[in-house]
Amino acid sequence: MKYNYSLRVYFSDTDAGGIVYHARYLDFAEHARTEALRSVFKGSQSQLLSADCAFVVKSINISYEKPGYLDDLLTVETYVKEAKRFSAVFNQIVKRDDEVLATLEVKVAAISLEKKRPIMIPEEIIKALSIED
């Protein structure tokens, strides 16, 4: 699965110098993963929730390459690197045109919302995440 998410950098995303604050890249990536999952599940993540399955972030590795600036139009490219029984790994690239600003590797685990414990990801969800575009 691959998905592109576009966004504009607003004043609230930047520091006093108009440079994107480092933590905002985590929000940009979160929004992109949410929209990627929404695209997989045809507009709604309710399918995950109704199956008592939610993804929580287990780990994130982020590398900052170049700064983003106020008013930039950015794209976050999201790829599923792997989808296993209990977890999935997303690779994400934040770009301004062809310039890479940041790269992220995000590992998510599946949990039961009811029990707040790890669970196996339903097979149909693993298959949906593994589909090549």
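Here is a short tour of this structure, from the whole chain down to one residue.

**Before you start.** This is a predicted model, in which local features need pLDDT of at least 70, side-chain atom pairs count only at pLDDT 80 or more, and totals for chains, interfaces and linings use all residues. Residues are numbered from 1 along each chain as its sequence is written, and side-chain values use heavy atoms, with hydrogens and water left out.

**Show the whole chain as a cartoon.** You will find three helices and five strands; helices (H or I, at least four residues) and strands (E, at least two) are DSSP runs, numbered from the N terminus. Walking along the sequence, their order is β-α-α-β-β-β-β-α. The C-alpha atoms fill a box of roughly 45 × 30 × 25 Å along the principal axes.

**Select the core.** Try Phe55, Phe90, Val94 and Leu129, which have the most contacts inside the largest nonpolar core, a set of 33 residues. Such a core joins buried Ala, Val, Leu, Ile, Met, Phe, Trp, Tyr and Cys residues through side-chain atoms within 4.5 Å, where buried means under 20% relative accessible area with a 1.4 Å probe, protein chains only. Now colour helix H1 (24-40), one of the elements that give two or more residues to this core; H1 gives the most, with seven residues.

**Zoom in on Val94.** Which residues should you show around Val94, leaving aside its neighbours within four places in sequence? Select Tyr25, Leu74, Thr75, Val76, Glu99, Val100, Leu101, Ala102 and Leu104; contact here means heavy atoms within 4.5 Å.

**Zoom back out.** Across the protein, 39% of the 133 residues count as buried.

Definitions and conventions
Buried < 20%, exposed > 50% of the residue type's maximum accessible area, 1.4 Å probe, protein only.
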